[in-house]
Amino acid sequence: SSSLRCMGIKQHKHPVLAIAVSPDGDSFASGGQDKAVYVYGGLASGEFRVIKPLKMKAYVNALAFHPSGDKLLVGLSDKTLKMVHLKDGAMDALKG
């Protein structure tokens, strides 16, 4: 986690369990035991900034960007999956 702090990830209050990079390589997301997901932008310019903070109801165990880059799949410790629409923060629960 010290390498994450070097990259500018300071928002999480508990361990980070998942990181994903967007298909265009300019954004990334982190999630963890604080039940939060942070989406960062500015990788290409080197100016990291939080562009979307999201609260979840369970630990975040997995993250993956949709190939279009406009949605984020979030896997939670309560065995649920959420598809987050990054433009407005709307979440769809996915069922198997």
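This short presentation covers an aromatic cluster, a neighbouring strand residue and two loop lysines in a predicted model.

Good morning, colleagues. I begin with the aromatic residues. The count of aromatic pairs in this model comes to 2. In the first that I shall describe, Phe28 and Tyr40 are stacked, with 4.6 Å from centre to centre and 10° between the planes. This pair links distant parts of the chain, since Phe28 belongs to strand S2 and Tyr40 to strand S3, which spans residues 36–41, and the two are 12 residues apart.

Are these two residues buried or exposed? Phe28 has a relative accessibility of 2% and therefore counts as buried. Tyr40 is buried as well, because its relative accessible area is 1%.

Tyr40 also takes part in a pair with Tyr38, where the ring centres lie 6.4 Å apart and the planes meet at 45°, so this pair is tilted. The reasoning rests on the angle: planes under 30 degrees apart count as stacked and those over 60 as edge-to-face, which means that the rest are tilted. Tyr38, at 16% relative accessibility, is buried, because the limit for that class is under 20%. Taken together, Phe28, Tyr38 and Tyr40 make up one aromatic cluster.

I turn now to Ser27. This serine lies in strand S2, residues 27–32. Its relative accessibility is 14%, so Ser27 counts as buried. Which residues does Ser27 touch, leaving aside those up to four places away in sequence? The contacts of Ser27 are Ala20, Val21, Ser22, Tyr40, Gly41, Leu43, Ile51 and Phe65. Tyr40 is thus among the contacts of Ser27, and Tyr40 is also the stacking partner of Phe28.

Finally, I should like to draw attention to two backbone features. Lys35 is not a glycine, yet its phi is positive, at about 60°. Lys35 sits in the loop between S2 and S3. With a relative accessibility of 34%, Lys35 counts as partly exposed, because that class lies between the buried limit of under 20% and the exposed limit of over 50%.

The other case is Lys79, a residue other than glycine whose phi is positive and near 70°. Where is Lys79 found? Lys79 is in the loop between strand S6, residues 71–76, and strand S7, residues 81–85. Its relative accessible area is 80%, so Lys79 is exposed.

To close, I return to the cluster: Phe28, Tyr38 and Tyr40 belong to it, and Phe28 and Tyr40 form its stacked pair. Thank you for your attention.

Conventions. Residues numbered from 1 in each chain as written. Predicted model: local features only at pLDDT ≥ 70, side-chain atom pairs only at ≥ 80, totals over all residues. Heavy atoms only, no water. Helix = DSSP H or I, 4+ residues; strand = E, 2+ residues; numbered from the N terminus. Buried < 20%, exposed > 50% of the residue type's maximum accessible area, 1.4 Å probe, protein only. Contact = heavy atoms within 4.5 Å. Phe/Tyr/Trp six-rings, centres within 6.5 Å; stacked < 30°, edge-to-face > 60°.
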